[in-house]
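Okay, thanks everyone for coming. I'll put the sequence and the structure up, and then we'll walk through a few spots together.

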Amino acid sequence: MSASVRPVQLFRNLNAKIAAIPMILTALVIFVGCSFWTIFYSFTNSKLLPKLKFVGIDQYERLWASNRWLISIENLAIYGFCTLVFSLLIGFLLAALLDQKIRFENTFRSILLYPFALSFIVTGLVWQWVLNPQFGIQKIVRDLGFESFTFDPLYNPDIVIYGVLIAGLWQGTGLIMCLMLAGIRGIDQEIWKAARIDGIKTWKTYVFIVIPMMRPIFITSLVIIASQIVRVYDLVVAQTGGGPGIASEVPAKYVYDFLFLNQNLGQGFAASTMMLVTVAIVIVPWAYLEFGRRKHG
Amino acid sequence: MADGTLSPAPGAAAEPLREPRGPKPRKRFSRRNIFIYGTLIFVSAYYLLPLYVMVATSLKGMPEIRIGNIFAPPLEITFQPWVKAWSEACTGLNCDGLSRGFWNSVRITVPSVLISIVVASINGYALANWRFKGADIFFTILIVGAFIPYQVMIYPIVIVLREIGLYGSVWGLVIVHTIFGMPILTLLFRNYFTSIPEELFRAARVDGAGFWGIYFKIMLPMALPIFVVAIILQVTGIWNDFLFGVIYTKPDTYPMTVQLNNIVNSVQGVKEYNVNMAATILTGLVPLVIYFVSGKLFVRGIAEGAVKG
């Protein structure tokens, strides 16, 4: 096309650009703009309304001096570590069991995955009820004759986060199992045959051959679990409301409460910025390994 | 495929492998089978337990709940708790039950699902077939943005919505769902459209079809399965949302999950566990029905959704 007037770059492929406007707006205004806005305002002492009165890292100092924030972080660390370990472990074991060419595989898989369809609110409320010491598991064991049996995680500040963990694992392991099963199925049957000919035990084949080959699936699962953990909010709100006292607080709830209940915006912004930093610590090395390597390799 | 010789695992984890010589007769009650099925049945029972407890509790009267335990089956079945949860349960001053939340959720979910999918599918199509300069940069930001904790962005979005007069309304929430559904949906559609043979697209171009012509006449009909996956993903995701609902709507327009939480965790009055459980099931019913009806497609949806993280 040798038109006398050079077509303006901006109008080439115009329809595609119009179609991409929502994406461009979301990317720039929400993901970049709003994130930087929050980080920017976390250095101010905004209270009820955002104000541009800078106080340096005051909000962060206050944040890390706050007992509630420290408890939130500790809870997130415990919850996060246990969720990672147990969902990967249970998810893989269940997937390996389902992989044994069993009958009713679809039925078992449906049962193990259905909690994932439920919201965290529903999950939290159900487990609040099951773990209720007056009517739930504790009562049943006591009725069996063990009068002094105590199992009241939701009312014991020391272990309440494990009560939340039980519910979280119930809801989430099905997904990991599904991913793992897809991973196991993706492995070449020839490898199984070779391992059998060499007389390698089944569990050894799983541990030393299958798991290393499933590295991408494990990393994907890891990233999924990690990014979900940081966001854990609904579950705690529904199951414990952060209680007893502040024993089961989590960072996401800290942010929400300071932004919308305590009217202390600066503090909420600082806390959410810390959450962003936490995610970045997990995601950046992963992204670098996954995508950086792919380009060179 | 139930060929014994091909079966990869003659021994379960705890059992040593016997040397396989020739086709081994398959015993129905081998130790391996008992171990596998035993474990699976035990785990399944554990996973089903909360569902059973919910249903059982919701069918009991309060006196029966107080004297018994939660695992006991209901002796006198009553549907009163369900009626009360649906039309009488109180949140604050409103006593018209969960039905209000249900209809709010419908009014939120339907437009959110439609708009987010339309936007994302056109977007994915543009990214796959009509690449323009800079598209990759925005797409990368979009995908990386999916990992940013929502807490970082919620307050600025409140300000934006307030400025355009949509804060507290259903449509404000619809916009929020469209925004946060975009990374995963765009990825889903982009990958699908990329997998459609390029020749098809070129042939349509030669025939003079334009951007929208190709989208509506070729891509849309071919992408129906992925649309179903996207719908399942979005309906369950938006129905189950709590955080955005509680932030961007007012008590009158609260979605079902928020109202449920307010009913069950309200501090005033006597706790009516049977009503609470009936309300909980009612809220979980929509995604559960979708899950059991859609079956494999749901698994596919979450597997593809999960890959983005």
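**Salt bridges first**

So, let's start with A:E249, which makes a salt bridge with A:R68, with the closest N and O atoms 3.0 Å apart. One thing before I go on: what you see is a predicted model. Back to the pair. A:E249 sits in the loop between α12 and α13 (251–261) of chain A, while A:R68 is in helix α4 (residues 67–98) of chain A, so this bridge ties together parts that are 181 residues apart in sequence.

Buried or exposed, that A:E249? Buried: its relative accessibility is 4%, and the cut-off for that word is under 20%. A:R68 comes out at 16%, so it counts as buried too. And the pair has company: A:R68, A:E249, A:K253 and A:D257 are linked in a network of salt bridges.

Okay, next one. Keep an eye on A:R185, please. A:D99 forms a salt bridge with A:R185, and the closest N and O atoms there are 3.0 Å apart. Where do the two sit? A:D99 is in the loop between α4 and α5 (105–113) of chain A and A:R185 is in helix α8 (residues 160–185) of chain A, so parts 86 residues apart in sequence get tied together. A:D99 is at 9% relative accessibility, so we call it buried. A:R185, on the other hand, is at 41%, which makes it partly exposed.

A:R185 also forms a salt bridge with A:E105, where the closest N and O atoms are 3.2 Å apart. Again this links distant parts of the chain, with A:R185 in helix α8 of chain A and A:E105 in helix α5 of chain A, 80 residues apart. A:E105 counts as buried, because its relative accessibility is 17%.

How many salt bridges are there over all chains? A search of the whole structure gives 13. In general terms, side chains of opposite charge can pair when their charged atoms come close.

**Where the chains meet**

Now for the contact between the two chains. Chain B puts in 98 residues and chain A puts in 91 residues. People often give the size of an interface as the accessible area lost when the parts come together. Here, chain B and chain A bury about 8700 Å² between them, and carbon and sulfur atoms give 75% of that.

So how many salt bridges cross the interface of chain B and chain A? The rule finds 0. For polar contacts across the interface of chain B and chain A, the rule finds 14 residue pairs, both partners at pLDDT 80 or more. On the side of chain B that touches chain A, helix α1 (residues 31–58) of chain B gives the most, with 17 residues. Split by class, that side of chain B has 74 nonpolar, 19 polar and 5 charged residues.

Here's a residue to zoom in on: A:D234, which is placed in helix α12 (residues 234–239) of chain A. At 12% relative accessibility it counts as buried. What does A:D234 touch, leaving aside neighbours within four places in sequence? In chain A, A:D234 is in contact with A:F120 and A:I121, and in chain B with B:F242 and B:L243.

**Inside chain B**

Last part, chain B on its own. We've got 14 helices and 0 strands in chain B. Of the 309 residues in chain B, 53% count as buried. If you look at the contacts in chain B with a separation of 6 or more, residues 24 or more positions apart account for 68% of them.

The domain assignment splits out domain 1 (4–58) and domain 2 (99–308) in chain B. Where they meet, 5 residues of domain 1 of chain B are in contact with 7 residues of domain 2 of chain B. The two domains of chain B bury about 460 Å² between them, with 89% of it on carbon and sulfur atoms. Which three residues do most of that on the domain 1 side? B:M54, B:T57 and B:S58 supply 81% of the area that domain 1 of chain B buries against domain 2 of chain B, more than any other three residues.

And polar links there? Between domain 1 and domain 2 of chain B, the count is 0 salt bridges. The rule also finds 0 residue pairs in polar contact across that domain interface, with both at pLDDT 80 or more. The residues on the domain 1 side of chain B that touch domain 2 of chain B are 3 nonpolar, 2 polar and no charged.

That's what I had, so over to you.

Key
Residues are numbered from 1 along each chain as its sequence is written. Chains are lettered from A and ligands numbered from 1 in the order in which they are written. This is a predicted model: local features need pLDDT of at least 70, side-chain atom pairs count only at pLDDT 80 or more; totals for chains, interfaces and linings use all residues. Side-chain values use heavy atoms; hydrogens and water are left out. Helices (H or I, at least four residues) and strands (E, at least two) are DSSP runs, numbered from the N terminus. Buried means under 20% relative accessible area, exposed over 50%, partly exposed in between (1.4 Å probe, protein chains only). Contact means heavy atoms within 4.5 Å. Domain bounds come from an automatic or database domain assignment. Buried area is the accessible area (1.4 Å probe) that two parts lose on being put together, summed over both. A salt bridge is a side-chain nitrogen of Lys or Arg within 4 Å of a carboxyl oxygen of Asp or Glu. A polar contact is a pair of N or O atoms within 3.5 Å; within protein, one must be able to donate a hydrogen and the other to accept it, and residues adjacent in sequence count only if both atoms are side-chain atoms. Ala, Val, Leu, Ile, Met, Phe, Trp, Tyr, Cys and Pro count as nonpolar, Asp, Glu, Lys and Arg as charged, and the others, Gly among them, as polar.
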